[in-house]
Amino acid sequence: MSPPRWVIHLPTTLTSLDDATALAVALRDSLGHLTVIDFGETTLSEEDHQSRRTRVWCDTPLDGPYRCHRPDDHPGTCALDRS
C-alpha cells in the first residue's frame, strides 16, 4: 500500500474564475519543473462551495510520460501545447 498523497489548498483573494485560472497557469509555468506537484489534477472552486470543483486542464495521457496541456473540455485533439 502506498502512502497517501497530500493536497495543498491555497486560498486567494481573486474573485473570478478567469483570474483564478490565469494564476493556476502562471503557477504551472513557473513551478512546472517540480515533479512533486501534479498540475494536471488542478481544480478550482469558490471559497464557500469547495465541493463544486472546476478542472483546469484536460490531462489526458499522451505518448510516454506526457499528458495533454490543453484546457479541460478543449475542442479537437489533445496536445502538449496550451492553445
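**Cysteines, salt bridges and a small core**

The sulfur of C68 has its closest cysteine sulfur in C78, at 3.8 Å, which is too far for a bond. Please keep in mind as you look that this is a predicted model. C58 also has C78 as the residue holding its closest cysteine sulfur, and there the separation is 3.7 Å, again too far for a bond. A disulfide would need the two sulfur atoms within 2.5 Å, and a search of the whole structure accordingly finds zero disulfides. As for their surroundings, C68 counts as buried because its relative accessibility is 1%. C58 is buried as well, with a relative accessible area of 16%.

Now step back to the chain as a whole. The secondary structure comes to one helix and two strands, and from the N terminus on the elements run α-β-β. The helix α1 covers residues 17–31, and the strand β1 covers 43–46. Strand β2 takes in residues 49–55. Along the principal axes, the C-alpha atoms fill a box of roughly 40 × 40 × 25 Å. The chain has 83 residues, of which 18% count as buried. About 6800 Å² of the chain is exposed, with carbon and sulfur atoms supplying 56% of that area. If you think in terms of contact maps, take the contacts with a separation of 6 or more: residues 24 or more positions apart account for 14% of them.

The two strands are a good place to go next. β1 and β2 form a hairpin, with two residues between them. Their pairing is antiparallel and runs over three bridges. Which residue of β2 is the bridge partner of E46? It is H49. Further along the ladder, L44 has T54 in β2 as its bridge partner. In a regular strand, side chains alternate between the two faces of the sheet.

L44 also belongs to the largest nonpolar core, so let us follow it there. That core has six residues: A20, A24, F39, L44, V56 and W57. To see one member in more detail, pick A24. Leaving aside its neighbours within four places in sequence, A24 is in contact with T42 and W57. W57 is itself one of the core residues.

What about charged side chains? Side chains of opposite charge can pair when their charged atoms come close. How many salt bridges does a search of the whole structure find? The search finds three.

One of them joins the side chains of D38 and R5, at 3.2 Å from N to O. This pair links distant parts of the chain, since D38 sits in the loop between α1 and β1 while R5 lies in the segment before α1, 33 residues away. The two partners differ in their exposure class: D38 counts as partly exposed because its relative accessibility is 37%, whereas R5, with a relative accessible area of 67%, is exposed.

Another salt bridge brings together the side chains of E41 and R55, at 3.7 Å from N to O. E41 lies in the loop between α1 and β1 and R55 in strand β2, so the pair ties together parts that are 14 residues apart in sequence. E41 is partly exposed, with a relative accessible area of 41%. R55 is partly exposed too, at 29%.

The remaining salt bridge is formed by D59 and R67, whose closest N and O atoms are 3.9 Å apart. That distance counts because the cut-off is 4 Å, and with a modelled structure you may like to keep the cut-off in mind. Is D59 buried or exposed? D59 is buried, because its relative accessible area is 8%. R67 counts as partly exposed, at 37% relative accessibility.

A last stop takes us to S16, which lies in the segment before α1. S16 is partly exposed, with a relative accessible area of 29%. Try picking its C-alpha atom together with that of D81: the two residues are 65 residues apart along the chain, and their C-alpha atoms are separated by 24 Å.

How values were computed. Residues are numbered from 1 along each chain as its sequence is written. This is a predicted model: local features need pLDDT of at least 70, side-chain atom pairs count only at pLDDT 80 or more; totals for chains, interfaces and linings use all residues. Side-chain values use heavy atoms; hydrogens and water are left out. A nonpolar core is a set of buried Ala, Val, Leu, Ile, Met, Phe, Trp, Tyr and Cys residues joined through side-chain atoms within 4.5 Å. Buried means under 20% relative accessible area, exposed over 50%, partly exposed in between (1.4 Å probe, protein chains only). Contact means heavy atoms within 4.5 Å. Helices (H or I, at least four residues) and strands (E, at least two) are DSSP runs, numbered from the N terminus. Two strands pair if DSSP finds at least two bridges between them. Accessible areas come from the Shrake-Rupley method with a 1.4 Å probe; for residues, only the protein chains shown count as cover.
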